[in-house]
Amino acid sequence: MKKPRNIAVLAILTIVCAWMVGCGGCNPEPVPSGMNPTQGPETGGTTVQITGEKFDMKNGVTVTFGGKNATSVTVPSETQITAVTPGGMAGESVSVVITNKGKPEVPVTLSQQFTYTDATPPTVTMNEPADGTVISEYEDSLNVMNSVSVSFSEAVNSDSVSISVAVAKTEDSMSEPMDATLAGTVSGTGDSVMFTSDMPMRAGRMYTVTVSGATDMAGNALVSPHSFSFSVTSPEKLDRYHVQEEDVQEENGEAALKRIAARPEIYDNPEMWKRLVAGNQDDYIFDRTKLSVGQFLWIRRGPAWGDK
(Lines give C-alpha, C1' and ligand atoms only; values in the text may rest on other atoms or scores of the structure.)
Protein backbone atom coordinates (compact mmCIF):
# COMPACT_ATOMS: atom_id res chain seq x y z
CA MET A 1 0.00 0.00 0.00
CA LYS A 2 2.98 2.30 0.55
CA LYS A 3 4.25 1.86 -2.99
CA PRO A 4 1.64 4.10 -4.71
CA ARG A 5 2.21 6.87 -2.18
CA ASN A 6 5.95 6.71 -2.78
CA ILE A 7 5.29 6.96 -6.49
CA ALA A 8 3.12 10.07 -5.94
CA VAL A 9 5.76 11.71 -3.76
CA LEU A 10 8.39 10.93 -6.37
CA ALA A 11 6.23 12.46 -9.09
CA ILE A 12 5.75 15.65 -7.09
CA LEU A 13 9.47 15.89 -6.40
CA THR A 14 10.16 15.44 -10.12
CA ILE A 15 7.77 18.28 -11.02
CA VAL A 16 9.30 20.57 -8.38
CA CYS A 17 12.80 19.85 -9.63
CA ALA A 18 11.79 20.47 -13.21
CA TRP A 19 10.21 23.79 -12.25
CA MET A 20 13.33 24.82 -10.35
CA VAL A 21 15.52 23.96 -13.33
CA GLY A 22 13.23 25.53 -15.96
CA CYS A 23 11.44 28.46 -14.35
CA GLY A 24 12.25 28.46 -10.67
CA GLY A 25 15.14 30.85 -11.31
CA CYS A 26 13.17 33.08 -13.70
CA ASN A 27 13.10 36.81 -13.06
CA PRO A 28 9.72 38.32 -12.28
CA GLU A 29 8.09 40.88 -14.55
CA PRO A 30 9.37 44.44 -14.08
CA VAL A 31 7.12 46.82 -12.19
CA PRO A 32 7.85 50.37 -13.49
CA SER A 33 6.15 53.16 -11.57
CA GLY A 34 7.59 56.48 -12.74
CA MET A 35 9.81 58.31 -15.24
CA ASN A 36 11.68 61.60 -15.19
CA PRO A 37 11.77 63.66 -17.34
CA THR A 38 8.66 62.90 -19.38
CA GLN A 39 9.59 65.03 -22.38
CA GLY A 40 12.60 65.91 -24.48
CA PRO A 41 13.67 67.10 -27.94
CA GLU A 42 12.65 65.26 -31.09
CA THR A 43 16.32 64.72 -31.87
CA GLY A 44 16.58 62.27 -28.98
CA GLY A 45 19.48 62.13 -26.55
CA THR A 46 17.49 62.82 -23.37
CA THR A 47 18.69 60.84 -20.33
CA VAL A 48 15.65 59.40 -18.57
CA GLN A 49 15.44 57.72 -15.16
CA ILE A 50 12.76 55.08 -14.67
CA THR A 51 11.86 53.99 -11.15
CA GLY A 52 10.00 50.91 -9.97
CA GLU A 53 10.71 47.40 -8.75
CA LYS A 54 12.07 44.06 -9.91
CA PHE A 55 14.34 45.36 -12.65
CA ASP A 56 16.76 42.68 -13.88
CA MET A 57 20.23 43.73 -12.73
CA LYS A 58 21.85 40.46 -13.82
CA ASN A 59 20.64 40.17 -17.39
CA GLY A 60 19.69 43.79 -17.98
CA VAL A 61 16.55 45.30 -19.50
CA THR A 62 15.40 46.70 -22.82
CA VAL A 63 13.56 50.00 -22.97
CA THR A 64 11.66 51.24 -26.03
CA PHE A 65 10.11 54.63 -26.77
CA GLY A 66 7.37 54.35 -29.34
CA GLY A 67 8.82 51.03 -30.47
CA LYS A 68 12.37 52.37 -30.87
CA ASN A 69 15.15 51.05 -28.64
CA ALA A 70 16.68 53.40 -26.12
CA THR A 71 20.47 53.52 -25.91
CA SER A 72 22.92 53.42 -22.99
CA VAL A 73 20.46 51.46 -20.86
CA THR A 74 21.82 50.66 -17.38
CA VAL A 75 20.26 49.05 -14.31
CA PRO A 76 22.14 50.36 -11.25
CA SER A 77 19.60 48.75 -8.91
CA GLU A 78 16.44 46.70 -8.93
CA THR A 79 14.48 49.93 -8.50
CA GLN A 80 16.13 52.16 -11.12
CA ILE A 81 16.85 52.22 -14.86
CA THR A 82 18.75 54.89 -16.78
CA ALA A 83 18.21 55.18 -20.55
CA VAL A 84 18.83 57.64 -23.39
CA THR A 85 15.88 58.35 -25.68
CA PRO A 86 15.95 57.68 -29.44
CA GLY A 87 14.71 60.32 -31.90
CA GLY A 88 11.01 60.92 -32.45
CA MET A 89 8.47 63.24 -33.97
CA ALA A 90 7.85 66.69 -32.49
CA GLY A 91 4.55 66.88 -30.63
CA GLU A 92 4.13 63.10 -30.44
CA SER A 93 3.62 61.29 -27.11
CA VAL A 94 4.81 57.67 -27.15
CA SER A 95 4.54 54.62 -24.92
CA VAL A 96 7.54 53.51 -22.88
CA VAL A 97 7.95 49.74 -22.58
CA ILE A 98 10.34 47.95 -20.19
CA THR A 99 11.30 44.30 -20.59
CA ASN A 100 13.53 42.24 -18.29
CA LYS A 101 15.93 40.21 -20.43
CA GLY A 102 15.84 37.24 -18.08
CA LYS A 103 13.16 34.69 -18.94
CA PRO A 104 10.31 35.09 -19.28
CA GLU A 105 10.62 38.31 -21.35
CA VAL A 106 7.34 40.05 -20.58
CA PRO A 107 7.02 43.65 -21.85
CA VAL A 108 5.46 46.04 -19.36
CA THR A 109 4.19 49.49 -20.43
CA LEU A 110 4.81 52.44 -18.15
CA SER A 111 1.71 54.40 -17.18
CA GLN A 112 3.41 57.65 -18.25
CA GLN A 113 4.21 58.55 -21.85
CA PHE A 114 7.20 60.43 -23.23
CA THR A 115 6.50 63.55 -25.31
CA TYR A 116 8.88 64.74 -28.01
CA THR A 117 9.30 68.51 -28.19
CA ASP A 118 10.18 70.69 -31.19
CA ALA A 119 13.92 71.13 -31.52
CA THR A 120 14.09 72.12 -35.19
CA PRO A 121 14.71 75.80 -35.97
CA PRO A 122 12.60 77.48 -38.66
CA THR A 123 13.94 78.03 -42.16
CA VAL A 124 12.88 80.44 -44.89
CA THR A 125 11.02 78.52 -47.59
CA MET A 126 9.98 81.40 -49.88
CA ASN A 127 10.32 85.13 -50.30
CA GLU A 128 8.45 87.51 -52.56
CA PRO A 129 9.91 88.96 -54.72
CA ALA A 130 12.17 86.00 -55.42
CA ASP A 131 15.92 86.50 -55.25
CA GLY A 132 17.25 88.07 -58.45
CA THR A 133 13.88 89.38 -59.64
CA VAL A 134 14.07 92.36 -61.99
CA ILE A 135 10.88 94.43 -62.00
CA SER A 136 10.47 96.37 -65.23
CA GLU A 137 6.70 96.89 -65.42
CA TYR A 138 4.99 99.35 -63.10
CA GLU A 139 2.57 102.27 -63.26
CA ASP A 140 4.32 104.78 -61.02
CA SER A 141 8.12 105.02 -61.00
CA LEU A 142 8.07 106.59 -57.53
CA ASN A 143 5.65 104.06 -56.05
CA VAL A 144 6.41 100.64 -57.50
CA MET A 145 5.64 98.68 -54.32
CA ASN A 146 5.82 99.04 -50.56
CA SER A 147 6.09 95.53 -49.13
CA VAL A 148 7.92 92.20 -49.32
CA SER A 149 6.86 88.89 -47.78
CA VAL A 150 8.73 85.94 -46.28
CA SER A 151 7.41 82.43 -45.59
CA PHE A 152 8.91 79.99 -43.09
CA SER A 153 8.87 76.22 -42.67
CA GLU A 154 6.63 76.57 -39.61
CA ALA A 155 4.75 79.17 -37.61
CA VAL A 156 6.97 81.88 -36.13
CA ASN A 157 6.58 84.68 -33.62
CA SER A 158 6.34 87.76 -35.86
CA ASP A 159 7.62 89.97 -33.02
CA SER A 160 10.90 88.05 -33.11
CA VAL A 161 11.53 88.64 -36.81
CA SER A 162 13.91 91.39 -37.84
CA ILE A 163 13.97 92.56 -41.46
CA SER A 164 16.42 95.13 -42.80
CA VAL A 165 16.39 96.50 -46.34
CA ALA A 166 19.52 98.01 -47.91
CA VAL A 167 19.07 100.33 -50.89
CA ALA A 168 21.51 100.90 -53.78
CA LYS A 169 21.26 102.49 -57.22
CA THR A 170 20.98 100.39 -60.36
CA GLU A 171 23.28 100.90 -63.35
CA ASP A 172 20.56 102.73 -65.28
CA SER A 173 19.69 105.10 -62.43
CA MET A 174 20.58 108.80 -62.63
CA SER A 175 20.93 109.27 -58.86
CA GLU A 176 22.17 107.72 -55.65
CA PRO A 177 19.64 106.82 -52.93
CA MET A 178 19.09 109.48 -50.29
CA ASP A 179 19.14 106.78 -47.59
CA ALA A 180 21.16 103.56 -47.54
CA THR A 181 18.42 101.65 -45.74
CA LEU A 182 14.66 101.52 -45.95
CA ALA A 183 12.68 101.91 -42.73
CA GLY A 184 9.49 99.95 -42.17
CA THR A 185 7.50 97.61 -39.95
CA VAL A 186 7.20 93.82 -39.69
CA SER A 187 3.87 92.08 -39.20
CA GLY A 188 2.45 88.62 -39.79
CA THR A 189 0.69 85.51 -38.58
CA GLY A 190 1.44 81.81 -38.79
CA ASP A 191 4.35 80.98 -41.05
CA SER A 192 4.34 84.27 -43.01
CA VAL A 193 5.58 87.77 -42.24
CA MET A 194 5.50 90.98 -44.24
CA PHE A 195 7.77 94.01 -44.26
CA THR A 196 5.93 97.23 -45.10
CA SER A 197 8.17 100.18 -45.91
CA ASP A 198 7.55 103.67 -44.59
CA MET A 199 8.34 105.08 -48.03
CA PRO A 200 7.38 103.43 -51.34
CA MET A 201 10.03 101.48 -53.21
CA ARG A 202 10.88 103.21 -56.46
CA ALA A 203 12.46 102.60 -59.84
CA GLY A 204 16.22 102.69 -60.38
CA ARG A 205 17.00 100.91 -57.12
CA MET A 206 18.25 97.55 -55.94
CA TYR A 207 16.86 96.33 -52.63
CA THR A 208 18.66 93.73 -50.51
CA VAL A 209 16.49 92.22 -47.79
CA THR A 210 17.99 90.45 -44.75
CA VAL A 211 15.81 88.37 -42.43
CA SER A 212 17.09 87.40 -38.97
CA GLY A 213 16.03 86.58 -35.42
CA ALA A 214 12.92 84.55 -36.30
CA THR A 215 11.92 82.07 -33.59
CA ASP A 216 9.25 79.38 -33.77
CA MET A 217 6.61 78.74 -31.12
CA ALA A 218 9.02 76.47 -29.22
CA GLY A 219 11.68 79.19 -29.11
CA ASN A 220 13.99 77.71 -31.75
CA ALA A 221 15.71 80.51 -33.66
CA LEU A 222 16.64 80.86 -37.31
CA VAL A 223 20.19 79.48 -37.51
CA SER A 224 21.60 82.17 -39.81
CA PRO A 225 20.25 85.29 -41.54
CA HIS A 226 18.51 84.86 -44.89
CA SER A 227 19.08 87.44 -47.64
CA PHE A 228 17.62 88.07 -51.06
CA SER A 229 17.79 90.95 -53.56
CA PHE A 230 15.61 92.37 -56.30
CA SER A 231 15.82 95.44 -58.49
CA VAL A 232 13.51 97.88 -60.25
CA THR A 233 14.69 99.17 -63.61
CA SER A 234 14.58 102.86 -64.43
CA PRO A 235 12.04 104.01 -67.01
CA GLU A 236 13.06 105.60 -70.29
CA LYS A 237 13.87 109.30 -70.02
CA LEU A 238 11.10 111.59 -71.22
CA ASP A 239 11.42 114.80 -73.18
CA ARG A 240 7.84 115.82 -72.42
CA TYR A 241 5.52 115.09 -69.50
CA HIS A 242 1.89 115.55 -68.59
CA VAL A 243 1.20 116.49 -64.98
CA GLN A 244 -0.49 113.65 -63.08
CA GLU A 245 -3.05 113.92 -60.29
CA GLU A 246 -0.59 112.53 -57.76
CA ASP A 247 1.85 115.32 -58.65
CA VAL A 248 -0.43 118.09 -57.43
CA GLN A 249 -2.88 116.48 -55.02
CA GLU A 250 -0.89 117.29 -51.87
CA GLU A 251 0.60 120.69 -52.64
CA ASN A 252 1.08 122.79 -55.77
CA GLY A 253 3.87 125.12 -56.86
CA GLU A 254 7.46 124.40 -55.93
CA ALA A 255 6.59 121.24 -53.95
CA ALA A 256 4.78 119.77 -56.96
CA LEU A 257 7.64 120.65 -59.31
CA LYS A 258 10.09 118.96 -56.94
CA ARG A 259 7.99 115.79 -56.98
CA ILE A 260 7.95 115.86 -60.78
CA ALA A 261 11.70 116.56 -61.06
CA ALA A 262 12.39 113.65 -58.66
CA ARG A 263 10.78 111.14 -61.00
CA PRO A 264 13.34 108.73 -62.52
CA GLU A 265 11.98 109.41 -65.99
CA ILE A 266 12.38 113.20 -65.52
CA TYR A 267 15.59 114.26 -63.72
CA ASP A 268 15.69 111.84 -60.79
CA ASN A 269 16.58 114.85 -58.68
CA PRO A 270 14.06 117.09 -56.88
CA GLU A 271 16.51 119.99 -56.81
CA MET A 272 16.32 120.29 -60.60
CA TRP A 273 12.77 121.68 -60.40
CA LYS A 274 14.08 125.08 -61.51
CA ARG A 275 15.00 123.60 -64.88
CA LEU A 276 11.33 122.74 -65.35
CA VAL A 277 10.49 126.38 -64.79
CA ALA A 278 13.24 127.66 -67.06
CA GLY A 279 12.49 125.12 -69.77
CA ASN A 280 8.80 125.97 -70.03
CA GLN A 281 8.36 129.65 -69.15
CA ASP A 282 9.40 130.91 -72.61
CA ASP A 283 6.96 128.72 -74.57
CA TYR A 284 3.74 129.68 -72.85
CA ILE A 285 2.44 131.55 -69.86
CA PHE A 286 3.83 129.29 -67.14
CA ASP A 287 2.59 129.81 -63.59
CA ARG A 288 4.47 127.41 -61.41
CA THR A 289 2.02 127.94 -58.56
CA LYS A 290 -0.96 126.73 -60.58
CA LEU A 291 -0.02 123.42 -62.15
CA SER A 292 -3.02 121.41 -63.35
CA VAL A 293 -3.63 117.76 -64.14
CA GLY A 294 -2.81 117.07 -67.79
CA GLN A 295 -0.66 120.18 -68.17
CA PHE A 296 2.17 119.67 -70.69
CA LEU A 297 5.79 120.19 -69.56
CA TRP A 298 8.95 120.16 -71.67
CA ILE A 299 11.84 118.21 -70.11
CA ARG A 300 14.94 120.01 -71.29
CA ARG A 301 18.16 118.00 -71.61
CA GLY A 302 21.56 118.18 -73.29
CA PRO A 303 24.81 120.14 -73.14
CA ALA A 304 22.98 123.44 -73.47
CA TRP A 305 21.42 122.68 -70.07
CA GLY A 306 24.64 121.59 -68.43
CA ASP A 307 24.34 117.87 -69.12
CA LYS A 308 27.45 115.94 -70.10
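**Group meeting: strands and overall form of a predicted model**

Good morning. I begin with an open sheet of five strands, whose order is β11-β18-β17-β13-β14 and whose pairing is mixed. At its edges lie β11, residues 133-135, and β14, residues 181-182, each of which pairs on one side only. Please keep in mind that what we are viewing is a predicted model.

Let us stay with the edge strand β11. Its neighbour is β18, which covers residues 226-232; the two strands run parallel and are joined by three bridges. Within this pair, V134 stands opposite S231 of β18.

I now turn to strand β3, which spans residues 47-53. Which residues of β3 lie on its covered face, and which on its uncovered face? The covered face consists of V48, I50 and G52. The uncovered face carries T47, Q49, T51 and E53.

Strand β3 also has partners to discuss. Strand β1, residues 31-36, runs antiparallel to β3, and five bridges join them. There, M35 has I50 of β3 as its bridge partner, and I50 belongs to the covered face just described. Strand β7, residues 80-84, is likewise antiparallel to β3, and five bridges join that pair. In this case Q49 stands opposite T82 in β7, and Q49 is one of the residues on the uncovered face.

With these local details in place, I move to the protein as a whole. How many helices and strands does the protein have? The count is four helices and 20 strands.

Next, the overall dimensions. Along the principal axes, the C-alpha atoms occupy a box of roughly 150 × 35 × 25 Å. The radius of gyration is 39 Å, whereas a compact globule of 308 residues would have a value near 19 Å.

As to burial, 36% of the 308 residues are buried. The accessible surface amounts to about 17,400 Å², and carbon and sulfur atoms contribute 53% of it.

What share of the contacts between residues at least 6 apart in sequence joins residues at least 24 apart? That share is 65%.

Finally, the charges. The protein has 23 positive and 37 negative charges, and the mean positions of the two sets are 10 Å apart.

To summarise, I have described an open five-stranded sheet with mixed pairing, a strand β3 that runs antiparallel to β1 and to β7, and a protein whose radius of gyration is 39 Å. Thank you for your attention.

Notes: Residues numbered from 1 in each chain as written. Predicted model: local features only at pLDDT ≥ 70, side-chain atom pairs only at ≥ 80, totals over all residues. Heavy atoms only, no water. Rg over C-alpha atoms; globule rule 2.2 N^0.38 Å. Buried < 20%, exposed > 50% of the residue type's maximum accessible area, 1.4 Å probe, protein only. Contact = heavy atoms within 4.5 Å. Areas by Shrake-Rupley, 256 points an atom, 1.4 Å probe, with all protein chains shown as cover. Lys, Arg positive; Asp, Glu negative; His and termini not counted. Charge placed at Lys NZ, Arg CZ, Asp CG, Glu CD. Pairing = 2+ DSSP bridges.
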